[in-house]
Amino acid sequence: MKQLMLGNAAAARGLFEAGCEVVSSYPGTPSTEITEEAAKFKEIYCEWAPNEKVALESAFGACLAGRRAFCGMKHVGLNVAADPLFTMSYTGVNAGLVIGVADDPGMHSSQNEQDSRHHAIASKIPMLEPSDADEAREFAKIAFEISEKFDTPVLYKMCTRVAHSQSITDTVERQVPEHKAYQKNISKYVMAPANAIKRHPFVEQRMKDLEKWSETSGINRVESASAASKTGIITSSTSYQYVKEVLGDSVNILKLGMVNPLPADMIRKFAEGLEKLIVVEELDPIIETFCRGLGLKCEIHGKDMFPICGEFSQNLIAAAFGKEVPQGTSLNGVDIPVRPPIMCAGCPHRGMFYALNKLKVTVFGDIGCYTLGSVAPLSAMDVTLCMGASFSGLHGWNKAGGAENEKKSVAVIGDSTFMHSGMTGLATIAYNQSNSTVIVLDNSITGMTGHQQNPTTGKNLYGEPAGRIDLEALARAMGIRRVRVVDPYNIAECESAVREELEVEEPSLIISRRPCALLKEVKHNPPLVVDQDKCKSCKMCMKIGCPAISMKGGKAKIDATLCVGCGVCSQMCKFGAL
C-alpha cells in the first residue's frame with residue numbers, strides 16, 4: 001500500500017516487515033523516531049537502554065537467541081558502541097542484526113560532523129545507505145537478509161534529511177522468518193585471542209564476498225543518460241536526490257546503496273569511456289579516495305568541487321555545476337530575525353545556571369538541552385566535550401590544579417546523561433578522591449531528544465511502570481557521602497548549596513531536581529505580570545535569559561502565552577515589580 005512516510009517511520013516499517021522482534025536503542029537525534037515508531041508495532045519489543053554500548057550488546061544477545069534484532073543510535077553514539085561493534089564483526093551473528101546509525105551533516109543537533117562510513121570501513125562491516133523513505137523501508141529488510149546470508153552485523157546509515165523528510169513508500173505485509181536455534185560454538189562466540197585469530201580470515205573473505213554480491217545484487221545501480229555523455233557521477237543518499245533534482249537525466253549516474261564495501265569492478269566499468277568522473281558525497285571523500293585508488297583513466301573530481309564541511313543542498317549542487325541558482329525571497333523586504341536555541345520558559349535548569357554564573361565558577365558541562373546554559377546571558381558553561389565527560393573532566397582538572405581549582409569549579413550533567421556515561425565519572429571521583437563538586441540536573445526526563453524515559457524516571461519506553469534508580473542512594477553506594485537535593489526554582493538555595501559544597505574537603509553531589517516544564521503532567525502557576533509603576537527598568541530580570549521576558553517601552557513585559565509562573569524572575573527584582 002502506498003503512503004507518505006517520514007524516513008524514520010519508513011525505517012521502522014521496514015523492521016516490522018522484515019520480522020524484527022527486538023529493538024534496543026539509545027535516543028539520539030536524528031535517529032530517535034525509528035525506535036519510537038517501531039514501538040507502535042505490538043509484534044516488536046522495544047526498549048531504551050542506558051547507552052548505545054548496552055543497547056548494541058542487548059540486540060546482539062537477542063540475535064543469538066534466534067530473533068532478528070535492531071539497535072539504533074546517532075553518529076556519536078556509534079563511538080560509544082564501537083567496542084562491541086568491532087568484535088561482533090569477528091563473531092558474526094545467529095539471526096540477523098542491523099545497527100542503525102544516523103549522521104548529522106550540518107550539525108543540526110550534534111557536536112561534530114562525524115562520517116560513520118569510517119566505522120564501517122574500520123570494523124569491516126557492510127553498510128547500506130538509503131536515499132529516501134521507501135529505500136529506508138526496503139533497505140532495512142535487505143540488511144537483515146545480508147546479515148544472515150553473510151553472518152555479519154549490518155550498519156544501516158541514515159542522515160538528517162532522509163530521517164526527517166517524507167516520501168512515498170509502498171508497504172507490504174510482515175514476514176517473520178523461522179527462528180534460528182542457538183548452537184553453542186565457543187570458537188565463534190568467545191573472542192579470546194586464540195579464537196579471534198581464526199575468525200579474522202573469515203572477516204576478510206566475507207568482505208570480498210560482499211563486494212562480489214554488491215556488484216550484481218541491484219543494491220547499486222547505473223542510471224544511464226546516453227552513450228554520448230562523457231561525464232559520470234557517483235553518489236548516494238540525499239546527494240543522489242540533489243543531483244537528480246538539479247541535473248535530471250543529463251548525466252550518467254552510479255547510485256550506491258551499499259557504501260561499504262564499494263563495488264570496484266562496477267566503478268571501473270562505469271568509468272570506461274568517461275572523460276570526467278565526479279563524486280558527490282557529503283562530509284569526507286571516502287568514495288572519491290577509493291576511486292582514485294583504482295587507477296581510472298578519466299579525470300576524477302570531488303572535494304575540489306564540493307565542500308568537506310556541512311550539509312549539501314540543491315543550490316550547492318547547482319552552483320558546483322555552473323547552473324543558475326535561484327535567489328531567495330524576502331517578506332516585503334523585511335529581514336526575518338534569527339531564532340537561536342534557548343532554554344524554554346520555566347526551564348528548571350535556569351535558576352541553577354544563574355547561580356553558577358553569579359558565583360563565577362568554572363563549569364564543566366555535558367550533552368543535553370542544558371548545554372544551552374552556555375548561551376548568553378547566562379554563559380554559565382566553560383567546556384562541553386561528549387556524553388559523560390563533565391564529571392571525569394572536572395576530576396582531572398582538580399587533580400591537576402589542586403585547591404586553586406577545587407574551590408571554584410563544578411561539573412553539571414543531566415539525569416539521562418548521568419545514567420548513560422556519567423556514573424563512571426562519579427566513580428573515579430569517589431575512588432580517586434578528588435575534591436570535586438558535581439551537580440546532576442534532574443528534570444525527570446531525557447529532554448533534548450524529545451522526552452524519552454530513562455532509568456531514573458520509573459517508566460519504560462511505553463510509559464509503563466519500570467525499575468527506577470534512586471540517584472541519592474546510588475551516589476552514596478558509590479562512595480559519595482555528601483549528597484543534597486535543591487530546587488532550581490529557588491536561586492538562593494542553589495547558590496547556598498554550591499558555596500557550601502565548594503568549601504568542603506571531600507567529593508560532593510548536588511541534585512538540582514524539578515521536572516521539565518514541558519512535561520504534560522507538570523502543573524503550572526498563572527503567568528506573572530509586571531507592575532509598571534514599580535518597574536525601574538533595571539533589566540535584572542533579563543539576566544536569566546527567559547524568552548517570556550522582554551523590554552517594551554523601557555519597562556519589563558511578560559508574555560502570558562509563554563510564562564509558566566516559575567517565579568525565578570521575581571527573585572531577581574529588588575523592587576517587587578514582578
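Show the surface of the whole protein to begin: about 25,000 Å² is exposed, and carbon and sulfur atoms supply 54% of that area, where accessible areas come from the Shrake-Rupley method with a 1.4 Å probe and, for residues, only the protein chains shown count as cover. The model is a predicted one, in which local features need pLDDT of at least 70 and side-chain atom pairs count only at pLDDT 80 or more, while totals for chains, interfaces and linings use all residues. Residues are numbered from 1 along each chain as its sequence is written, and side-chain values use heavy atoms, with hydrogens and water left out.

**The whole chain**

Switch to the C-alpha trace, which spans about 80 × 65 × 50 Å along its principal axes. Why does a radius of gyration of 27 Å agree with a compact globule? For 578 residues such a globule would have a radius near 25 Å, and the protein's 27 Å agrees with this; the radius is taken over C-alpha atoms, and the globule rule is 2.2 Å times the number of residues to the power 0.38.

Colour the trace by secondary structure, and you will find 20 helices and 21 strands; helices (H or I, at least four residues) and strands (E, at least two) are DSSP runs, numbered from the N terminus. Of the 578 residues, 54% are buried, where buried means under 20% relative accessible area, exposed means over 50%, and partly exposed lies in between (1.4 Å probe, protein chains only). Among contacts with a separation of 6 or more, 74% join residues 24 or more positions apart, a contact being heavy atoms within 4.5 Å.

**A seven-stranded sheet**

Now select the open sheet whose seven strands run in the order β3-β2-β4-β5-β7-β6-β12, with mixed pairing. Strands β3 (45-48) and β12 (258-260) stand at its edges, each with a single partner strand, so one side of each is left without a neighbour in the sheet. Two strands count as paired if DSSP finds at least two bridges between them. Strands of a sheet pair through backbone hydrogen bonds, either parallel or antiparallel.

Zoom in on strand β2 (residues 22-25), which pairs with β3 in the parallel sense over four bridges, and find Ser24, which stands opposite Glu47 in β3.

Move next to strand β4 (residues 69-74) and select Met73 within it. Is Met73 buried or exposed? Met73 is buried, with a relative accessible area of 0%. Leaving aside neighbours within four places in sequence, Met73 is in contact with several residues, including Tyr26, Ser31, Glu52 and Ile99. To get a sense of distance, draw a line from the C-alpha atom of Met73 to that of Ala225, 152 residues apart along the chain, and the separation is 38 Å.

**Strand β10 and its partners**

Select strand β10 (residues 231-236), which is mostly covered, with five of its six residues buried. Strand β10 pairs in the parallel sense over five bridges with strand β13 (residues 276-280), where Ile233 stands opposite Ile278. Strand β10 also pairs in the parallel sense over five bridges with strand β11 (residues 252-256), and here Gly232 stands opposite Asn252.

**Helix α10**

Select helix α10 (residues 193-216) and pick out Ala196, which is buried with a relative accessible area of 16%. Apart from neighbours within four places in sequence, Ala196 is in contact with Tyr90 and Met191. Ala196 and Thr91 are 105 residues apart in sequence, and their C-alpha atoms are 8.2 Å apart in space.

**Helix α15 and helix α20**

Finish at helix α15 (residues 349-359), which contains His349. The helix is mostly covered, nine of its 11 residues being buried, among them Arg350, Phe353 and Tyr354. What covers the buried residues of α15? The cover includes β15 (362-364), β16 (409-414), β17 (437-442), β18 (482-486), α20 and β19 (508-513).

His349 is buried, with a relative accessible area of 2%, and, not counting residues up to four places away in sequence, His349 touches Met343, Cys369, Tyr370, Leu441 and Asn443. The C-alpha atoms of His349 and Asn443 are 8.1 Å apart, although the two residues are 94 residues apart along the chain. Just after α15, Lys360 takes a positive phi of about 55°.

For the last selection, choose Glu495 in helix α20 (residues 491-503), which is buried with a relative accessible area of 12%. Not counting residues up to four places away in sequence, Glu495 touches Ala355, Lys358 and Leu359.
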